Amino acid sequence: MKKYILTPLLFFLFTVSHSFAAEKPLAVYLTWQSHPESTMTVHWISSADCPIDDIFYHDSEMQMWDVEQASHKTLPEGRDDLLIHKAELQNLSPDTVYYFRVAEDETVYKFRTMPAQMTRPVRFIAGGDMYHDSVEILDKMNRTAASFDPMFALAGGDLAYAADKFGEKPEDFERWLTFLRSWQNNMITTDGRMVPIIPVASNEDTKGRYNQPPSQAPFFYALFAMPGKQGYNVLDFGSYLSIFLLDSGHTHPVYGDQTSWLNKTLKERKHRLHKIALYHVPAFPSVRDPEKPVSKMIRKYWVPLFEKYNLAVAFENHDHAYKRSRLIRDGKVDSSGVLYMGDGGYGVTEPRKPVDPAERWYLAETAQKTNFVVGTLFPTGERHFQAADQDGNIFDEFIHRFSAALPLHSSHLK
Ligand SMILES: [Fe+2]
């Protein structure tokens, strides 16, 4: 703790200036825009009275603070009383713990960069349909998910349920703030790390729900640097993992530019050891009718690409239940096929009743449970998926062995 010896006048000046500047941010959270092994994007929300963009950080060995400058903007929807700050810390060491603090607030937070090479298993969690009910269940799910010590969290849309169905009313920012504060306070691993959030677009976070311009999801785009203006993107972790973040027709059409981009981007990464997709509306739903237009479109435009380039798993959401598909290729069960998991029951206290797997050829397992998935990726190419309930009990488990369709190559282990 620093000690100050001050004259009364200096003490008065210090108190006045410090009480102005030492505002505690309304929310602090992490995401990535690129290279999770060497960068971290830190966001924080402050009042417009606190435009200070300093971010201080050091690794666990070096106790001198480095300082970087964030940038900031006012929030959309008339919330120009608040600022969203963004700082991408770059040139970080891989697989390293860092400490940071923002502006003049003395609270110190902690994160860990990803490994540059896959020399050990990597664990993450995946879930969607998050702030559906009370903040108590959201807090509990975040605490339970964090207790598995994930390196990151895939957030499959319907995060805040803040957007109006008809697109007429402004978004309810208080819901976004509650969501982000719950994340900040509860998505903390057992060793005190904040868990970066990797989000995708969705109906409940888009005013008008489907076929809208990005301007109809103002807070989703303002609050998360990762999707940027593009709205769909890929995050490459070294040379061992790529995560494809897709928009299931909310602010970008499934077909056309997004499908062309997906084809090109998957092709460029066809030899990548682990490839994962994340999007909101399921191609292979466990509750809703699979003949609904968006599910059909995803099966028509994206699924053939997933199969062609040997995607490991697609995390789907939106149906408020749990499902694990069979391995699917060419519209039938195939041991070299793609796995689809989800189905969006993270913050849903009364999940919907899913279809019995015996009634749909593509389903292997379903459950009417509040849930998230714990994924572990191994250097051998093996993948381990567990479904957990709100108390962390594992109720389904699947080991995805390395597909014969994608032979192990030594370059994968670089
Ligand atoms: Fe949804």
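In the predicted model, helix H2 passes helix H3 in a right-handed crossing. H2 covers residues 135-146 and H3 covers residues 173-186. The two helices pack at an angle of about 35°. Their axes lie 9 Å apart. H2 brings Val135, Leu138, Asp139, Asn142, Arg143 and Ala146 to the contact. H3 answers with Thr178, Ser182, Trp183 and Asn186. By class, this contact holds four nonpolar, four polar and two charged residues.

A further helix, H5, spans residues 257-268. Leu266 belongs to H5. Leu266 counts as buried because it has 22 C-beta neighbours inside 10 Å, and the cut-off for a buried residue is 20 or more. Some of its surroundings come from another part of the chain. When neighbours within four places in sequence are left aside, Leu266 is in contact with Leu305 and Tyr309. Phe306 lies 40 residues from Leu266 along the chain. The C-alpha atoms of Leu266 and Phe306 are nevertheless separated by 8.0 Å.

The strands are described next. One open sheet contains six strands, in the order S11-S10-S9-S21-S22-S23. Its pairing is mixed. Strand S11 (197-199) and S23 are the edge strands, and each of them pairs on one side only. On average, neighbouring strands of this sheet are turned by 20° against each other, with direction ignored.

Two pairings within this sheet can be followed in detail. Strand S9, residues 122-127, pairs with strand S21, residues 372-377. Five bridges connect S9 and S21 in the antiparallel sense. Ile125 stands opposite Val374 of S21. Strand S22 (residues 383-388) and strand S23 (residues 394-400) are also antiparallel, with six bridges between them. Phe385 has Phe398 in S23 as its bridge partner. S22 and S23 form a hairpin, with five residues between the two strands. In the turn, Gly392 has a positive phi of about 85°.

A second open sheet has four strands, ordered S4-S3-S7-S8. The pairing here is antiparallel. Strand S4 (66-69) and S8 form the edges, each pairing on one side only. Neighbouring strands of this sheet are turned by 30° against each other on average, direction ignored. Strand S3 covers residues 54-59 and strand S7 covers residues 97-102. Five bridges join S3 to S7, and the two run antiparallel. The bridge partner of His58 in S7 is Tyr99.

Strand S6 (82-89) takes part in two further pairings. S2 and S6 are antiparallel and share eight bridges. Trp44 stands opposite His85 of S6. Strand S5, residues 71-74, pairs with S6 over four bridges, also in the antiparallel sense. Ser71 stands opposite Lys86 of S6. S6 is largely enclosed by the rest of the structure, because seven of its eight residues are buried. In a regular strand, side chains alternate between the two faces of the sheet.

At the level of the whole chain, two domains are assigned. Domain 1 runs over 26-112 and domain 2 over 122-413. Their C-alpha centres lie 25 Å apart. Contact between the domains involves 23 residues of domain 1 and 25 residues of domain 2. Several strands build the side of domain 1 that touches domain 2. Strand S1 (27-31), strand S2 (40-47), strand S6 (82-89) and strand S8 (109-112) each supply at least two residues of this side. S1 gives the most, with five residues. By class, this side of domain 1 has twelve nonpolar, five polar and six charged residues. S6 thus appears in two places in this account: it pairs with S2, and it supplies residues to the side of domain 1 that touches domain 2. S8 likewise has two roles in the description, as an edge strand of the four-stranded sheet and as a strand supplying residues to the side that touches domain 2.

Key. Residues are numbered from 1 along each chain as its sequence is written. This is a predicted model: local features need pLDDT of at least 70, side-chain atom pairs count only at pLDDT 80 or more; totals for chains, interfaces and linings use all residues. Domain bounds come from an automatic or database domain assignment. Two residues are in contact if their C-beta atoms, placed from the backbone, lie within 7 Å. Ala, Val, Leu, Ile, Met, Phe, Trp, Tyr, Cys and Pro count as nonpolar, Asp, Glu, Lys and Arg as charged, and the others, Gly among them, as polar. Axes are lines fitted to C-alpha atoms, for helices over the stretch in contact, and angles run from 0 to 180 degrees between N-to-C directions. A crossing is left-handed if the near helix is turned anticlockwise from the far one by less than a right angle, and right-handed if clockwise. A residue is buried if 20 or more other C-beta atoms lie within 10 Å of its own, exposed if 12 or fewer, and partly exposed in between; C-beta atoms are placed from the backbone. Two strands pair if DSSP finds at least two bridges between them.
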